[in-house]
Amino acid sequence: ELLLEERELNVIFFFHPVEKKNNEDYVKATKHYTSFFKNSSKISFAPAGERTDTNFNSVDLAVIPVSNTISERLFSGYKVLIVPFEHEHFPIANSTYSLISANNKSEIISKCGQFLQISTEEYFRKFKLQNYRFSSFENT
C-alpha cells in the first residue's frame, strides 16, 4: 500500500545470510518477497555477496525484524523501523525501541510514512536516540 501511495519510494531488500547462502536460496527469497508487491518495478535486491552494513547509506529508512542490524544501523546514524514479528516480548513496552517499532500492517505503513517525512537528525531527536549514535561518543 505504501508503495502505491509513494511514487518516489523504492524498496531494496538486504537478505539475511541464511537467505543468500547459495544461489538457489537467493532466488527463492527474491521470488518470495516479490510476491508481496503488486508493482515489482519499485523493488530491488542487494547482490548476494554484499553485506548489509556496507550499504547503510543506500536507504533512508530500514525496516528490520529483530536483528543485530538494528543496533548497528542506529550506531552508524541511520533510521530504523523495527518490526518484531513473532517476538511478543520485544521491544520492552515504553522503551526507546518501542517508539520506533511497528507491530502490525497499519503501524508499519503509518510509521514508514512518518519516519520518511523527517530528517535523520529529527528522527534521532524525536525518539531520544542521540546516545545510540557513534557521534555521542566523540567528545567523551
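This report walks through a predicted model, with helix H3 as its main subject.

## Ground rules

The model is predicted, so local features need pLDDT of at least 70 and side-chain atom pairs count only at pLDDT 80 or more, while totals for chains, interfaces and linings use all residues. Residues are numbered from 1 along each chain as its sequence is written, and side-chain values use heavy atoms, with hydrogens and water left out.

## The overall layout

The protein has 6 helices and 4 strands. Here helices (H or I, at least four residues) and strands (E, at least two) are DSSP runs, numbered from the N terminus. Going along the sequence, the pattern reads α-β-α-β-β-α-β-α-α-α.

Of the 140 residues, 33% are buried. Buried means under 20% relative accessible area, exposed means over 50%, and partly exposed is in between (1.4 Å probe, protein chains only). The protein exposes about 9200 Å², and carbon and sulfur atoms supply 51% of that. Those areas come from the Shrake-Rupley method with a 1.4 Å probe; for residues, only the protein chains shown count as cover. As for contacts (heavy atoms within 4.5 Å), take those with a separation of 6 or more: residues 24 or more positions apart account for 44% of them.

## Helix H3 and its buried side

H3 covers residues 68–76. Its buried residues include Thr69, Ile70, Arg73 and Leu74. They sit on the same side of H3, because they cover an arc of only 130 degrees around the axis; the arc is that of the directions from the helix axis to the C-beta atoms. What do the buried residues of H3 pack against? Their partners are two strands, E3 (61–64) and E4 (79–82), and two helices, H4 (96–99) and H6 (120–126).

Both ends of the helix have something to look at. At the N-terminal end, serine 67 acts as a cap, with a side-chain oxygen 3.0 Å from the backbone nitrogen of threonine 69. That is a polar contact: a pair of N or O atoms within 3.5 Å where, within protein, one must be able to donate a hydrogen and the other to accept it, and residues adjacent in sequence count only if both atoms are side-chain atoms. Just after H3, glycine 77 has a positive phi of about 95 degrees.

## Two buried residues up close

Threonine 69 belongs to H3 and counts as buried at 17% relative accessibility. Setting aside residues up to four places away in sequence, threonine 69 touches Thr52, Phe56 and Ile64.

Leucine 74, also in H3, is buried with a relative accessible area of 0%. Beyond its neighbours within four places in sequence, leucine 74 contacts Val80, Tyr97, Ile100, Tyr123, Phe124, Leu129, Tyr132 and Arg133. One of these partners, tyrosine 132, is 58 residues away along the chain, yet the two C-alpha atoms are separated by 6.1 Å.

## A nonpolar patch at the surface

Right next to leucine 74 in the numbering comes phenylalanine 75, another H3 residue. Buried or partly exposed? Phenylalanine 75 is partly exposed, because its relative accessible area is 41%. Together with Phe134 and Phe137, Phe75 forms a nonpolar surface patch with about 300 Å² of accessible area. Patches are made of residues with over 30% relative accessible area and no salt bridge, with like charges joined within 9 Å and nonpolar side chains (Val, Leu, Ile, Met, Phe, Trp, Tyr) within 5 Å.

## Salt bridges

Side chains of opposite charge can pair when their charged atoms come close. Counting a side-chain nitrogen of Lys or Arg within 4 Å of a carboxyl oxygen of Asp or Glu, there are 5 salt bridges. One of them joins lysine 21 and aspartate 25 (3.8 Å, N to O), and lysine 21 is exposed at 60% relative accessibility. Another pairs arginine 51 with aspartate 53, whose closest N and O atoms are 2.5 Å apart; arginine 51 is exposed at 53%, while aspartate 53 is partly exposed at 31%.

Aspartate 60 and lysine 79 also form a salt bridge, with the closest N and O atoms 3.1 Å apart. This pair links distant parts of the chain, 19 residues apart: aspartate 60 is in the loop between strand E2 (43–45) and E3, and lysine 79 is in strand E4. Aspartate 60 is partly exposed at 38% relative accessibility, whereas lysine 79 is buried at 0%.

## A positive phi after H6

Lysine 128 lies in the segment after H6. Its phi is near 55 degrees, a positive value in a residue other than glycine. Lysine 128 is exposed, with a relative accessible area of 61%.
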